[in-house]
Amino acid sequence: MANQFHNIVSKINSAPSFMRSFLLTKLFTSKVKFAGTSGIKIIEITKHKTQLSLANKKNVQNHIGGIHAIAAAVLAESATGIVFGMNVPNSKLPLLKSMQVNYQRRMQGSLTAMAQLTDEQIELIEREDKGSVIVPVTIKDESGQTPIECQMEWAWVSKKSAKKRPNK
């Protein structure tokens, strides 16, 4: 059951390989402006996984020259949100329910993130009117190590039920 986002990504994935990362990144950052300010680059998007990178550039550095903790969390949230978003039906609203980020050691250089969904999780998202799934993400730095461990809980609800709630 493909949604609009999935359909657009599928078209981009059929473009020549040298253009895909650029086009996927443009698509994502046109919809999620904050991710664009951080310089996140999309390497790959499929129904089951995403791979993103974040270069260690001045605009995302902390006081010691590494990638700021929050920039790394944004990378993790983006990776999980994209793979989740590939599978949420158009009639559902995706929502980040919780994020767990454990910093293990200092990050060295640029980061890459890979998030994945199982077939069972995808089936649950497509079948249920509302629910949530834990989406793990692996973040590696230039040393090949995992400086942070993350998982995000993504939920979905019907767009109709979300509209019925009063604004507070």
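The following questions and answers concern the sheet, the helices and several single residues of this predicted model.

Residues are numbered from 1 along each chain as its sequence is written, and side-chain values use heavy atoms, with hydrogens and water left out. Because the model is predicted, local features need pLDDT of at least 70 and side-chain atom pairs count only at pLDDT 80 or more, while totals for chains, interfaces and linings use all residues.

Me: In what order do the six strands of the open sheet stand?
Reply: Strands here are DSSP runs of E with at least two residues, and helices are runs of H or I with at least four residues, both numbered from the N terminus. Two strands pair if DSSP finds at least two bridges between them. The pairing in this open sheet is antiparallel, and the order is β1-β2-β4-β5-β6-β3.

Me: Why is one side of β1 and of β3 left without a neighbour in the sheet?
Reply: In the order β1-β2-β4-β5-β6-β3, β1 (41-45) and β3 (92-103) stand at the edges. One side of each is left without a neighbour because each has a single partner strand.

Me: How many bridges join β5 to β6?
Reply: β5 (residues 131-141) runs antiparallel to β4, with five bridges between the two. β5 and β6 also run antiparallel, and Ser132 stands opposite Ala155 in β6. The number of bridges joining β5 to β6 is eight.

Me: Which residue of β5 stands opposite Ala113?
Reply: Strand β4 covers residues 111-116, and six bridges join it to the antiparallel strand β2 (residues 49-54). On that β2 side, Thr50 stands opposite Ala115. In β5, the residue opposite Ala113 is Ile139.

Me: Which side chains of β4 point to the buried face?
Reply: Buried means under 20% relative accessible area, exposed over 50%, and partly exposed in between, with a 1.4 Å probe and protein chains only. The side chains of β4 alternate, and Thr112, Met114 and Gln116 point to the face that is not buried. Those on the buried face are Leu111, Ala113 and Ala115.

Me: How many residues of α4 are buried?
Reply: α4 (residues 69-85) reaches 24 Å from its first C-alpha to its last, close to the expected 24 Å. The expected span is 1.5 Å times one less than the number of residues. The helix is mostly covered, and of its 17 residues the number buried is 14.

Me: Which residues of the largest nonpolar core touch the most other members?
Reply: A nonpolar core is a set of buried Ala, Val, Leu, Ile, Met, Phe, Trp, Tyr and Cys residues joined through side-chain atoms within 4.5 Å. The largest one has 40 residues, and those touching the most other members are Leu75, Val137 and Ile139. To this core, the most residues, nine, are given by α4.

Me: Which residues does Leu75 contact beyond its neighbours within four places in sequence?
Reply: Contact means heavy atoms within 4.5 Å. Several partners of Leu75 lie at 52-54 and 111-113, namely Leu52, Ser53, Leu54, Leu111, Thr112 and Ala113. The others are Ile40 and Ile139.

Me: Which residues of α5 are exposed on the side away from its buried residues?
Reply: In α5 (residues 119-127), Gln121, Ile122 and Ile125 are buried. They lie on the same side of α5, because they cover an arc of only 100° around the axis, taken from the directions from the helix axis to the C-beta atoms. The buried residues pack against α4, β4, β5 and β6 (148-158). On the other side, the exposed residues are Asp119 and Glu120.

Me: Is Leu117 buried or exposed?
Reply: Leu117 is found in the loop between β4 and α5. Its contacts, not counting residues up to four places away in sequence, include Ile122, Ile125, Val133 and Val135. With a relative accessible area of 5%, Leu117 is buried.

Me: What is the relative accessible area of Glu153?
Reply: Glu153 lies in strand β6. Not counting residues up to four places away in sequence, it touches Leu95, Leu96, Lys97, Ser98, Ser132, Val133 and Ile134. Glu153 is buried, and its relative accessible area is 17%.

Me: What relative accessibility does Phe5 have?
Reply: Phe5 lies in helix α1 (residues 4-13). Among its contacts, not counting residues up to four places away in sequence, are Ile82, Gly85 and Met86. Phe5 counts as partly exposed, because its relative accessibility is 23%.
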